[in-house]
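Please open the model in your viewer and keep the sequence panel beside it. The tour below goes from one selection to the next and says what can be found at each stop.

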Amino acid sequence: MLDTNRIEALRHAPVDRGAHIIDGARRAASDGAEMEVISPLDGSVLTTIPRGTREDAEAAIAAARRAFDDGRWSGLAPAARKAVLLRWAELIEEQALEIAVLGVRDNGTEIGMALKAEPLSAAGTIRYYAEAADKLYGEIAPTAPGHLGLVHREPAGVVGAIVPWNFPLMIGAWKLGPALAAGCTVVLKPAETASLSLLRIAELAQDAGMPPGVLNVVTGEGAVVGDAIARSMDVDVLVFTGSGPTGRRLMEAAAQSNLKRVYLELGGKSPNIVFADAPDLDEAAKVSAMGIFRNSGQVCVAGSRLLVERAIHDDFVARLAKVTDSLRVGDPLDPATAAGAVNSEVQLQRNLGFVVEARAAGRKVHGGERILAETGGFYMAPAIVTGVEPTDRIAREEVFGPVLAVQPFDTEDEAVALANGTDYGLAAAVWTSDLSRAHRLVRRIRAGVVHVNTYGGPDITVPLGGVKQSGNGHDKSLHAFDKYLDLKTAWIKL
Ligand code: NAD
């Protein structure tokens, strides 16, 4: 049960001016420049954060390099790193509501979801990797007699982590947890429109006893701070969650600098396939609506393409529209809200542009208009677009907003062809009572995760990553350690 009085008090609490965290200290930008943090709730200026410079990024990287090279973190017993990380998780949990509300005021996610998906999820993720820190073993190779082959797993070095504005803590922790548990040091670059909660938890890391320089956070523009990290000769691994175009630039920057390893978690156009034999169409409609409209569609795995067997198409769309109309959209700090604000005016206009274009092409649109404009905030009614053709932009490009493209299909083969007919391959879902069909489709659909009779919710124990242009790395689960640990062979003559 959310403490509404406390939320109301926090809604108006003054927000301190943000500062980079570099080498354990709060720092302004080297030239003093700041950028305004606009709250999507009402368009007001919440506070400012440093508009980081290249010099700031380089100072943070140098601090992370020193901290890595002198072994103040990588040289600790894994159990000692674990203790610090567990304390950090505890501090985040203790302040979870404060951190969640701060994040909501910054990025607009509905509070019910934000509390669970942001500080509490981040604390859980950090704890998961902390617990694993002292359980990572090397290997003894099955060599011929006369030699001993040892395979060590060593921390990879300085990690640059660049993260997006949706779920900054959850996604940030997916990088920070395994990187720090493995013994790496980190320079983190939050998104321009979602930096505050990451800055807050970075301060808590210092309070938990993390040595200076181990976790550094530099705010500012991607093209400046992010680019400096991507081009640095001193960053060993670059991990990124965000859009495809930025991902491409990062790979180029790595190629033009030190060939650092680059792991990308990118966007999606995920198909949600409903067969006529789905076990419960009302449940399917309810979960499908939340699968696209929660957090106003700003979810990388959002089920943004609904593929429905033609026999139930009209019936299912009607059920879905009914559920959608019942969702409360608006003030994200109201616990009854199902979908909060769009992150920025720019993103809102982009979302609305897709709807206008679909209407102009003769597609039928349910919802999809700007609402609550009088608040000054960025709100949009969820849109269900039917009659979509596979060639429509709305069927091919990621909107990253509350816009659902619906297409009918007649056969399983056609459903698979439509599902795979995209450059992306992040997530998918299949709703059916036919067990064999479910397993067949899990195999046939090219995506990092295929849900069956549900949408969303995989926990930290399973990997998340894309295929095709949705990315090339995996967050979550013990597999995430592979990004932050190098293999080293010792070959010993006996
Ligand atoms: P974005 O690519 O615009 O920005 C992401 C981050 O990259 C931000 O911190 C930004 O400042 C930085 N950046 C921007 N330009 C840069 C540059 N030239 N060099 C270095 N850094 C730069 O993406 P966004 O709009 O913040 O996030 C939305 C995107 O993220 C969507 O495409 C969404 O699908 C994707 N996403 C993917 C996952 C996943 O796990 N696959 C999860 C969440 C979001």
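A disulfide is taken here as a pair of cysteine sulfur atoms within 2.5 Å. With that cut-off, selecting the cysteine sulfur atoms leads to a count of 0 disulfides in the structure. Two of the cysteines can be selected by name: Cys184 is buried at 0% relative accessibility, and Cys300 also counts as buried, at 17%, where buried means under 20% relative accessible area, exposed over 50% and partly exposed in between, with a 1.4 Å probe and protein chains only.

Before going further, note that this is a predicted model, in which local features need pLDDT of at least 70 and side-chain atom pairs count only at pLDDT 80 or more, while totals for chains, interfaces and linings use all residues. Residues are numbered from 1 along each chain as its sequence is written, and side-chain values use heavy atoms, with hydrogens and water left out.

Now select the whole chain and switch to a cartoon, which should show 16 helices and 21 strands, these being DSSP runs numbered from the N terminus (helices H or I, at least four residues; strands E, at least two). The radius of gyration, taken over C-alpha atoms, is 23 Å, close to the 23 Å from the globule rule (2.2 Å times the number of residues to the power 0.38) for 494 residues, so the chain is as compact as a globular protein of that length. Along the principal axes, the C-alpha atoms fill a box of roughly 70 × 65 × 45 Å.

With the chain still selected, colour by burial: 58% of the 494 residues count as buried. If you list contacts (heavy atoms within 4.5 Å), those between residues 24 or more positions apart make up 74% of the contacts with a separation of 6 or more. A surface display covers about 19300 Å² of exposed area, 54% of it supplied by carbon and sulfur atoms, as computed by the Shrake-Rupley method with a 1.4 Å probe.

Next, select Ser296, in the loop between α10 (281–293) and β13 (305–309). Although Ser296 is not a glycine, its phi is positive, about 50°, and the residue is buried, with a relative accessible area of 2%.

Finally, move to Ser477, in the loop between β20 (449–452) and α16 (481–484). What is the phi of Ser477? It is near 65°, a positive value in a residue other than glycine, and Ser477 is buried, with a relative accessible area of 2%.
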